[in-house]
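Me: I'm new to reading structures and would like a close look at one part of this one. Could you walk me through how a pair of helices packs, and then show me a sheet for contrast?

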Amino acid sequence: MHDHALAEQSDALRLRSLDDLNRLRKQILDKRDPDQPEIVVCHGTGCLANGSADVSAAIRSALDASGIEAKVVPGIKTTGCQGFCSHGPLVVIRPRGIFYQKVKPKDAKEIIEKTIVQGDVVKRLLYKNPTDGEKILHEQDIPFYKRQTRVVLHNIGKIDPTDISDTIASGGYQALAKALTTMTPEQVVQEIETSGLRGRGGAGFPTGRKWRSALTAIEKKGRPVYVVVNGDEGDPGAFMDRTIMEGDPHAVLEGLILGAYALGANQGYLYVRAEYPLAIKHLTIAMEQARAYGLLGDNILNSGFSFDARINRGAGAFVCGESTALFTSIEGNPGNPRPKYVRSVEEGLWGRPTVLNNVETWANIPLIVNKGGDWYAKIGVPHSTGTKVFSLVGKVNNVGLVEVPMGVPLSTIVEDIGGGVPGGAPFKAVQTGGPSGGCIPYELKDTPVDFDSLTKAGSMMGSGAMIVMDNRDCVVDVGRYFLRFLEEESCGKCMPCRLGLSRMREILDNFSEGKGSEKDIEDLLSLSKAIQDSALCALGSSAPNPVLTTLKYFKDEYLAHVTRQKCPAGVCKNLITYSIDPELCTGCTSCAKQCPVGCIEGEKKKPHAIDTGLCIRCGICMDTCKFNAVNVI
Amino acid sequence: MITFTINDQKVTAKKGWTVLETAREYGIEIPTLCHHPAVKPSGACRLCMVELKEKNWSKLVASCIYPVAEGINVYTETPRVHNVRRWILEMLLASCPASPEISALAQAHGVVSTRFKIHDPSQTCMICGLCQRICEEVVGLSAIAVVDRGVHKKVGSPFMRPTDVCVACGCCLTVCPTGAMKDIFDTVRGEPKMPLTQLAM
């Protein structure tokens, strides 16, 4: 029931007070039977890529074909990303909370027949705990979910993001109604200040203080003032904001409207990168529905407060996530940052006072207004309150989306929730904060994950991407990767960034080829310092961080590259040779079959050997060998 | 009037001035490349970085855009400032090796060679964007564009097609700090809409 139907009924739908909203909520809830089975299929981007659209279609047709004549017909719901991406497509049967993973369309019939009709469980689709091999029935018992505290993500996986009635049923827009009917804008700002919420975009600037200084700027400069959502999430490995926009778009919107109310803004912008089509679609639908219900637009809930927002699509430039570049881009110019000696709260979009917050920050606002700043301040640790959503990727068993209170040790996220590195070895390092952050080594695995502790470790919170690395990841290669990314994504306006990042990468290129000297490491440090000191915006000034932290914690590995011409992780192709240990080799021939250049020879059941002259060092032999007989020397 | 110090020397500036303007007023040398009094400052070349100090705290700012404020302490010749200048000049020597102006400026600051690979020995343009700014802000046209981003950034005409917007006024040629514009100029200019002689009348 979107578009047309909504537009026609818009006047009928329009909510005119808090009572209206509560009445509607009650109506929606009354229509629902708590015992009605609900088949929830994850339609997050990860699961969709794994074919969950086919799964939900198959379940739908299996349900139609089954002709169930039960008292209550089961419903099917598709939701945003439920987080456990590496085990998708995910299907949860509520209200029992039976959790099926890696579901294929062919499983649909069995799920309907066994679970829905007979009330049995399809055992083979259950999640198997890797530590004890036990099958786990319920979602909440899976270690991945058990150790999380889902506050911002509480709706995702439960509501259909394209249906506002689901949002309203789960308490959406209650905060907005509360603020508009019982709170002054000043009180809203105070709640945010009390909460201690810090910006989830990366630098961790206190949100309340930002809003307060915007109010001061408005006193001086008058209105208009703008509120903007930064949805230009571009860090490699980060997908928290995407998930929130896709899975609970109304939360972002409600937060934005609350911010607008607090600051007296009548126009807002959602800057979403074009690479997130599903997020843009869901936000567009959410905004249409909110408008139809009188929650966005003129005279919201008959309170006299009017606010509308629009979506601006970013054209795929990483630098446009930087505040001033983002504003320049919305204004219709190439996304070049401008000097920030005057802050955005004073002179932002169109030169007006502007409050820019990231998606996750905005999504926190309704919760704080609803439950109070004090409630929020109790979660987490004193200077980093609340929870933080992380995207956990790389060499980790449970790739996915994780929400934990601030201040939990890094190892809880990577080892307990993430299930550690495949194969069981300790992780080598965790790259946090994307290209602006750094690598935290295994020795610091007990570091509390909060803004200040991560900064102390030389890294940063950033947007919340966590890339787990094991001993097959080379730090020189990691540095090259991030520098390559940033030299392409830099706007290129200022010279330290455009010239410096390329030159840093060239030095690292030399290292990976076995060229270079210890003097080059000194140069790298000094050049990094110059770039940090002089770059125009935070993209440039934070760009050396991955290199600086790896130099700090893994200097030996750099030295191995330049003084011994060795790559201990076995990644830099010019510096490695593969060999087969004749003691361990069983002559199974599987490596020889996989080798793309045919450089492995040997008789069956006898040790094989690699012709290193022909070898292209692709590493397939090492990945194939079940007996650990292939080594890097 | 706003009073502050540059290199421990007391200076006064009018409200709205930048640090660079004040320094130039007092004859204090700060090197610049992308700065030109005819256009608004853009803060692109970062050669004019100076250090602000306050007890244990200090930071580097671009003097061409930093607005003066009461009581700030500006230093133009600190180790941090020198480090930035030295690296930028050394990188410019490698990316614009054919520009005598860059060589002279580098030499004036004690940078005579570069440790970096030279990819294009004939390159003179350092993509400071001054030509684009003068065309837009002073001439009132946009015949010159800085296209693409990051390492691919270059100066040309919009969409890299010769443009008939150009009136061949030559402003870009006169402001170009490295003489690179004389090579780019012909690629920018298309067939003018009206004969230039007519324009002059």
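Reply: Let's start with a bit of vocabulary: angles under 35 degrees count as roughly parallel, over 145 as roughly antiparallel, 65 to 115 as roughly perpendicular, and the rest as oblique. Keep in mind that this is a predicted model.

Now take helix 10 (residues 207-221) and helix 12 (residues 249-263) of chain A, which pack at an angle of about 40 degrees. Their axes are 10 Å apart. That angle falls in none of the named ranges, so helix 10 and helix 12 of chain A are oblique to each other. Who touches whom? On the helix 10 side you'll find W211(A), A214(A), L215(A) and I218(A), and they meet G259(A), A262(A) and L263(A) in helix 12 of chain A. Sort the residues of this contact by type and you get six nonpolar, one polar and no charged.

On to the sheet. Strands of a sheet pair through backbone hydrogen bonds, either parallel or antiparallel. Here five strands of chain A make an open sheet, in the order 14-13-17-15-16, with mixed pairing. Strand 14 (400-405) and strand 16 (438-441) of chain A sit at the edges, each pairing on one side only. On average, neighbouring strands in this sheet are turned by 30 degrees against each other, ignoring direction.

Zoom in on strand 16 of chain A: its pairing with strand 15 (residues 429-432) of chain A is antiparallel, over four bridges. There, A429(A) stands opposite P441(A) of strand 16. Finally, helix 17 (residues 410-417) of chain A lies across strands 13, 14, 15, 16 and 17 of chain A, and runs at about 140 degrees to strand 14 of chain A.

Key: Residues are numbered from 1 along each chain as its sequence is written. Chains are lettered from A and ligands numbered from 1 in the order in which they are written. This is a predicted model: local features need pLDDT of at least 70, side-chain atom pairs count only at pLDDT 80 or more; totals for chains, interfaces and linings use all residues. Side-chain values use heavy atoms; hydrogens and water are left out. Two strands pair if DSSP finds at least two bridges between them. Helices (H or I, at least four residues) and strands (E, at least two) are DSSP runs, numbered from the N terminus. Axes are lines fitted to C-alpha atoms, for helices over the stretch in contact, and angles run from 0 to 180 degrees between N-to-C directions. Contact means heavy atoms within 4.5 Å. Ala, Val, Leu, Ile, Met, Phe, Trp, Tyr, Cys and Pro count as nonpolar, Asp, Glu, Lys and Arg as charged, and the others, Gly among them, as polar.
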